[in-house]
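Trainee: Could you take a close look at the aromatic side chains in this model? I would like the geometry of the ring contacts and then their setting in the fold.

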Amino acid sequence: MSKPFIVTNDTKIVRHKPIARVSHWFLVISFFMTMFTGVAFFFPDFAWLTEILGTPQIARAVHPFTGIIMFIAFIIMALIYWHHNIPEKNDIRWAKGIVEVLKGNEHAVADNGKYNLGQKLLFWTLILAMFTLLITGIIMWRQFFSHYFSIPVLRIAILLHSFSAFMLFTGILVHIYMAFWVKGSIRGMVEGWVTVRWAKKHHPRWYREEVLPEIEKHVVDKTKH
């Protein structure tokens, strides 16, 4: 007879499935490749970054393609997680208790679902930045499309592309900082799991409404067999 399944605070639960994790790391790699080449084109002092890919010519040719890969990887993740990022009334409590959140007492002020308000705002900011970068990037793509547009349109595209790139870069920096700040978050994206303790502290409603029912279902199915 098999031993009963006991849930403890150290029990591992799935936070991110394989497809989300693979998309995330494709996004990370393509983001840095696109960022390094983009910064090199925008700021002459960083032109040496193009040597990462060999020559400036190669970097210029690769930049649009890594940007497209980045966009596709992000969209896959967005399709998986968009319904978890819809703002709701409970998010107001998180915003009002931001001081306690920064102190590490997030669980005391908000009953978060899978994502808190900060993560949701970042998600929609990245959505806006990604689509703007894609559209303006296509307009600016000299090899294939730029000759179809007038000079004023190209200038506006360059301005919006630069602003959106800055917005994306800032958002990603915040995301990286928060991932290191909230212990256990990086493991969730690398290995796919977090502990029950982590879920109860940072995303208690997600644990109650989505994770716990799955655990109970697993226990029932195991009992039947």
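Mentor: Start with F32, which counts as partly exposed because its relative accessibility is 33% (buried is under 20% relative accessible area, exposed over 50%, partly exposed in between, with a 1.4 Å probe and protein chains only). F31, at 7% relative accessibility, counts as buried. The model is predicted, so local features need pLDDT of at least 70 and side-chain atom pairs pLDDT 80 or more, while totals for chains, interfaces and linings use all residues. Residues are numbered from 1 along each chain as its sequence is written, and side-chain values use heavy atoms, without hydrogens or water.

Searching the whole structure gives 12 aromatic pairs (rings of Phe, Tyr and Trp, the last by its six-membered ring, with centres within 6.5 Å; planes under 30 degrees apart are stacked, over 60 edge-to-face, the rest tilted). One of them joins F31 and F32, and it is edge-to-face because the planes stand at 70°, with the ring centres 5.2 Å apart. The pair of F144 and F145 is instead tilted, at 50° between the planes and 6.1 Å centre to centre. F144 counts as partly exposed at 37% relative accessibility, and F145 is also partly exposed, at 31%. F144 and F145 belong to a cluster in which ring pairs also link F65 and W141.

Two rings have an arginine over them (CZ of Arg, or NZ of Lys, within 6 Å of the ring centre and within 35 degrees of the ring normal). R60 places its charged end over the ring of F41, 4.5 Å from the centre. R15 lies over the face of Y115, 5.2 Å from the ring centre.

Now the helices. Helix α1 covers residues 18-42 and helix α2 residues 56-81 (helices are DSSP runs of H or I with at least four residues, strands E runs with at least two, numbered from the N terminus). Their axes are 7 Å apart and the packing angle is about 145° (lines fitted to C-alpha atoms over the stretch in contact; angles run from 0 to 180 degrees between N-to-C directions). In their contact, 18 residues are nonpolar, 9 polar and 1 charged.

For the whole protein, there are 10 helices and 2 strands, and 39% of the 225 residues count as buried. The C-alpha trace spans about 70 × 45 × 30 Å along its principal axes. Over residues 15-192 the chain is 72% helix and 0% strand, with the end C-alpha atoms 6 Å apart.

Conventions:
Nonpolar A, V, L, I, M, F, W, Y, C, P; charged D, E, K, R; others polar.
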